[in-house]
Amino acid sequence: MSVDIAAESGTSVRVVKLGAQIGARIEGVRLGGDLDAPAVAAIRAALHEHKVIFFQGQQHLTEDGQYEFAELLGNPTTPHPTLTSAGAKSLAIDSQHGRSNVWHTDVTFVDRVPQASILRAVTLPSYGGSTTWASTVAAYDALPQPLKVLAESLRARHTNLYDYAGEGRASAEGSSAYRREFESTYFETEHPVVEVHPETGERALLLGCFVKELVGVSSSESKALFQLFQNRITRLENTTRWNWSLGDVAIWDNRATQHYAIDDYDGAEHRKLTRITLSGDIPVGVDGRPSTVISGDAQSYAPVEVPRAA
């Protein structure tokens with residue numbers, strides 16, 4: 001299924017749905033800082049509806065162009081809360097530092113979880129290296145009512161001591177240096193397990209590999225409950241998989257998804273993409289309680305955004 005949206009400039013933004021729960025390909029758009037407001041609005045609407053959207057044929061895009069486009073969608077964060085050597089504008093998702101082959105939502109160990117991420121392919125292996133996204137909204141919606149009630153009552157503590165990008169097969173030197181910087185400042189934040197999306201009003205499961213523990217239950221119960229809800233998120237029906245080509249750009253709603261970079265290419269192959277994230281608000285649970293900081297100050301990473309009305 002596809003939908004054509006005419007922009008002010010005469011550009012026709014075509015949205016091609018890729019799955020019932022998540023994913024769409026956007027056609028007819030040349031990304032950059034000069035994109036007109038109707039086209040940006042169409043992209044934002046497609047992102048909210050489909051959770052992750054893909055653009056092909058964007059070989060013209062540079063880091064500066066990627067950043068200028070990101071500014072049209074929101075306020076870019078610094079590249080990362082702890083990886084301060086990463087550069088001024090984007091974070092390199094580089095296989096030489098590790099491989100992010102675990103399910104995660106970006107940077108949930110801080111209180112101001114990014115609203116979205118924009119990822120651009122720079123160097124790709126000759127095979128493999130695709131990425132899979134899962135809808136945390138679809139996962140919540142499919143829960144039986146008793147499990148919804150349980151999830152809505154739970155809170156989880158997230159920490160950056162779990163370095164998702166250090167679990168792969170990169171060189172020991174590169175991975176260990178990356179991990180040391182990743183953990184150079186300790187962050188821990190308590191989030192609701194079910195977040196109310198500040199723009200759409202949808203409810204989403206807020207979990208992933210940065211979860212240290214669920215609050216108020218034993219360690220064994222925490223692990224069992226985490227796995228119960230995490231397994232719901234990653235059901236294949238809730239996912240879409242993208243096989244990268246040079247010139248591809250992906251944008252995902254970080255408040256409604258998790259993602260996983262598939263480690264199916266050999267060590268001699270190099271994979272590098274550049275990521276720019278957009279500042280987000282502080283998650284709020286169904287009961288109206290916001291996330292709370294246990295440790296760490298993320299002010300230098302990003303401001304707290306004022307959510308748009310649902």
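## Exercises: a buried arginine, two sheets and two odd loops

At 3% relative accessibility, Val107 counts as buried. Keep in mind throughout that this is a predicted model.

**Exercise 1.** Work out where Val107 sits and what sets its backbone apart.

Start with the place: Val107 belongs to the loop between strand 5 (91–94) and strand 6. Now check phi, which is near 55° for Val107, a positive value in a residue other than glycine. That's worth a second look because most residues other than glycine have a negative phi. Finish with exposure: the cut-off for buried is under 20% relative accessible area, so Val107, at 3%, qualifies.

**Exercise 2.** Run through the steps again for Lys51 and decide: buried or exposed?

First, find Lys51 in the loop between helix 1 (37–50) and strand 4 (52–55). Next, read off phi: for Lys51 the value is near 75°, again positive in a residue other than glycine. Last, look at the accessible area. Lys51 has a relative value of 3%, so it's buried.

**Exercise 3.** Arg120 is buried; find out which side chain of opposite charge is nearest, and what the Arg120 side chain reaches.

Begin by placing Arg120 in strand 6 (residues 116–123). Then hunt for a partner of opposite charge: the nearest such side chain is Glu63, 6.2 Å away. A salt bridge needs the charged atoms within 4 Å, and Arg120 has none. Now try the backbone instead: the side chain of Arg120 reaches the backbone oxygen of Leu61 at 3.2 Å. To round off the surroundings, list what Arg120 touches beyond four places in sequence; among them are Thr62, Gln66, Asp248, Val249, Leu273 and Thr274.

**Exercise 4.** Lay out the open sheet of 4 strands and name its edges.

Write down the order first: 12-8-9-17, with antiparallel pairing. The edges are strand 12 (211–214) and strand 17 (292–295), each pairing on one side only. On average, neighbouring strands here are turned by 25° against each other, direction ignored. Zoom in on strand 8 (residues 155–159) and strand 9 (residues 188–192): they run antiparallel and are joined by 5 bridges. One spot to find on screen is Thr159, which stands opposite Glu188 in strand 9.

**Exercise 5.** Do the same for the open sheet of 3 strands.

The order is 13-7-15, and the pairing is antiparallel. Strand 13 (239–242) and strand 15 (257–261) are the edges, pairing on one side only. Neighbours are turned by 20° on average, direction ignored. Strand 7 (residues 131–135) is joined to strand 15 by 5 bridges, and Ser135 stands opposite Thr257 in strand 15.

Definitions and conventions: Residues are numbered from 1 along each chain as its sequence is written. This is a predicted model: local features need pLDDT of at least 70, side-chain atom pairs count only at pLDDT 80 or more; totals for chains, interfaces and linings use all residues. Side-chain values use heavy atoms; hydrogens and water are left out. Helices (H or I, at least four residues) and strands (E, at least two) are DSSP runs, numbered from the N terminus. Buried means under 20% relative accessible area, exposed over 50%, partly exposed in between (1.4 Å probe, protein chains only). Lys and Arg count as positive and Asp and Glu as negative; His and the chain ends are not counted. A polar contact is a pair of N or O atoms within 3.5 Å; within protein, one must be able to donate a hydrogen and the other to accept it, and residues adjacent in sequence count only if both atoms are side-chain atoms. Contact means heavy atoms within 4.5 Å. Two strands pair if DSSP finds at least two bridges between them. Axes are lines fitted to C-alpha atoms, for helices over the stretch in contact, and angles run from 0 to 180 degrees between N-to-C directions.
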